[in-house]
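Student: I have a chain open on my screen and would like to go through it with you. Could you help me read it piece by piece?

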Amino acid sequence: MEEQKQGAYAKNTDSIRTSILEESVIVFSTLSFTGTISAKMKHGFDVVIIDEAAQAVEPSILVPLMNGCKQVLMGGITLVLFCKVGDPSQLPATVISEAAKNSGYGLSLFTRFQKAGYPVVMLQHQYRMHPEIREFPSRQFYADKLVDGPDVEEQTKRAWHDFRCFGPFCFFDVHEGEELRPNESRSWINDDEVEFVLLLYQKLVDRYPELKSSARLAMISPYRLQVKQLRKRFQEVFGIDSEKMVDINTVDG
């Protein structure tokens with residue numbers, strides 16, 4: 001009896017979802033889940049917009065297209081019947097297998113079209129970064145074509161930029177530090193860099209107390225163990241949970 005009730009509930013839920021989808025003008029979904037959506041709908045999508053298309057492998061891009069949509073928008077590239085939104089100069093598709101990468105599986109459909117000579121419309125104006133931050137990626141990845149929007153420098157200027165060590169864009173070479181992988185972990189940790197970052201943080205907030213807010217300052221690392229150590233040492237050094245003062249997280253986080 002219980003199994004019958006669960007089956008009836010699941011069927012009713014599925015029916016309600018299908019009804020909502022059929023009446024929806026716009027549907028938001030991940031690439032993979034569009035396969036489930038398409039299977040439930042009696043009609044396909046007229047237009048499909050795929051954001052961050054340069055980070056998706058080709059098979060996943062094909063999933064929302066299987067019902068024969070009339071137009072696709074994939075971030076950044078515009079075709080007569082096909083348009084995608086993305087940035088091939090940023091993170092590529094995530095492919096763990098080296099054999100798959102070597103066989104071209106990591107190539108996104110966005111990049112394939114671009115290499116095939118389809119016209120690319122580059123969005124040149126940026127409105128977020130201080131010009132000093134924008135300068136390097138523009139020169140290194142975009143042939144010096146990035147342009148600052150109006151008043152960007154004024155809007156992104158801060159009082160602490162007067163000190164070169166707290167400027168908009170600055171590298172510190174902690175050459176004494178040693179990167180370790182404790183207990184054969186897949187992640188990395190560098191204790192000297194952790195101590196340096198905390199020292200830099202202390203100097204900054206001592207001079208500018210208004211920065212003592214997690215909404216205004218962040219410590220970012222590509223390594224999970226480094227983030228864990230930063231949080232641990234923050235608690236030990238300052239006697240307070242880091243979440244109340246600063247956002248410490250991985251790049252993805």
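**Aromatic rings, a helix and some odd backbone angles**

Tutor: A good place to begin is a group of rings, since Phe136, Phe141, Phe169 and Phe171 form one aromatic cluster. Please keep in mind throughout that this is a predicted model.

Student: Okay, and what does the secondary structure of the chain come to?

Tutor: The chain has nine helices and eight strands, and of its 253 residues, 30% are buried. The chain exposes about 17,400 Å², and carbon and sulfur atoms supply 53% of that area.

Student: What share of the contacts joins residues 24 or more positions apart?

Tutor: Among contacts with a separation of 6 or more, residues 24 or more positions apart account for 56%.

Student: Back to the rings. How many aromatic pairs are there?

Tutor: The count comes to 10 aromatic pairs. One of them is formed by Trp160 and Tyr208, whose rings are edge-to-face, with 5.6 Å from centre to centre and 65 degrees between the planes. Trp160 lies in the loop between α7 and α8 while Tyr208 lies in the loop between α8 and β7, so this pair ties together parts that are 48 residues apart in sequence.

Student: Are those two buried or exposed?

Tutor: Trp160 has a relative accessible area of 14%, and because the cut-off for buried is under 20%, Trp160 counts as buried. Tyr208, at 11% relative accessibility, is buried as well.

Student: Which way are the rings of Phe172 and Phe196 arranged?

Tutor: Phe172 and Phe196 form a tilted pair, with their centres 5.1 Å apart and an angle of 55 degrees between the planes. Phe172 belongs to the loop between α7 and α8, whereas Phe196 is in helix α8, so the pair ties together parts that are 24 residues apart in sequence. Phe172 is partly exposed, with a relative accessible area of 37%, and Phe196 is partly exposed too, at 27%.

Student: You keep mentioning α8. How far apart are its end C-alpha atoms?

Tutor: They are 25 Å apart, and this agrees with what one would expect, because the 17 residues of α8, from 191 to 207, should span 24 Å at 1.5 Å a residue.

Student: Hmm, 17 times 1.5 isn't 24, so where does the 24 Å come from?

Tutor: The expected span is 1.5 Å times one less than the number of residues, so the 17 residues of α8 give 24 Å.

Student: Got it. Which residues of α8 are buried?

Tutor: In α8 the buried residues are Val194, Leu198, Tyr201, Leu204 and Val205. Seen down the axis of α8, they fall within an arc of 125 degrees, so they line one face of the helix.

Student: Why would residues three or four places apart point the same way?

Tutor: An α-helix has 3.6 residues a turn, so residues with that spacing point the same way.

Student: And what do the buried residues of α8 pack against?

Tutor: They pack against β7, residues 218–221, and α9, residues 224–238. The face of α8 turned away from its buried side carries the exposed residues Lys203, Asp206 and Arg207.

Student: What happens at the start of α8?

Tutor: There, a side-chain oxygen of Asn190 reaches to within 3.2 Å of the backbone nitrogen of Asp192.

Student: Where is Arg233, and what does it touch?

Tutor: Arg233 is in helix α9, and leaving aside residues up to four places away in sequence, Arg233 touches Val194, Glu195 and Leu198. Val194 and Leu198 are among the buried residues of α8. The side chain of Arg233 also makes a polar contact with the side chain of Glu236, at 2.7 Å.

Student: New topic: what is the phi of Glu52?

Tutor: Glu52 has a positive phi of about 50 degrees although it is not a glycine. Glu52 lies in the loop between β1 and α3, and at 38% relative accessibility Glu52 counts as partly exposed.

Student: And Ala143, where does that one lie?

Tutor: Ala143 is in the loop between α6 and β6, and its phi, near 50 degrees, is a positive value in a residue other than glycine. With a relative accessible area of 57%, Ala143 is exposed, because the cut-off for exposed is over 50%.

Notes: Residues numbered from 1 in each chain as written. Predicted model: local features only at pLDDT ≥ 70, side-chain atom pairs only at ≥ 80, totals over all residues. Heavy atoms only, no water. Helix = DSSP H or I, 4+ residues; strand = E, 2+ residues; numbered from the N terminus. Buried < 20%, exposed > 50% of the residue type's maximum accessible area, 1.4 Å probe, protein only. Arc of directions from axis to C-beta. Contact = heavy atoms within 4.5 Å. Polar contact = N/O pair within 3.5 Å; in protein donor to acceptor, adjacent residues only side chain to side chain. Phe/Tyr/Trp six-rings, centres within 6.5 Å; stacked < 30°, edge-to-face > 60°. Areas by Shrake-Rupley, 256 points an atom, 1.4 Å probe, with all protein chains shown as cover.
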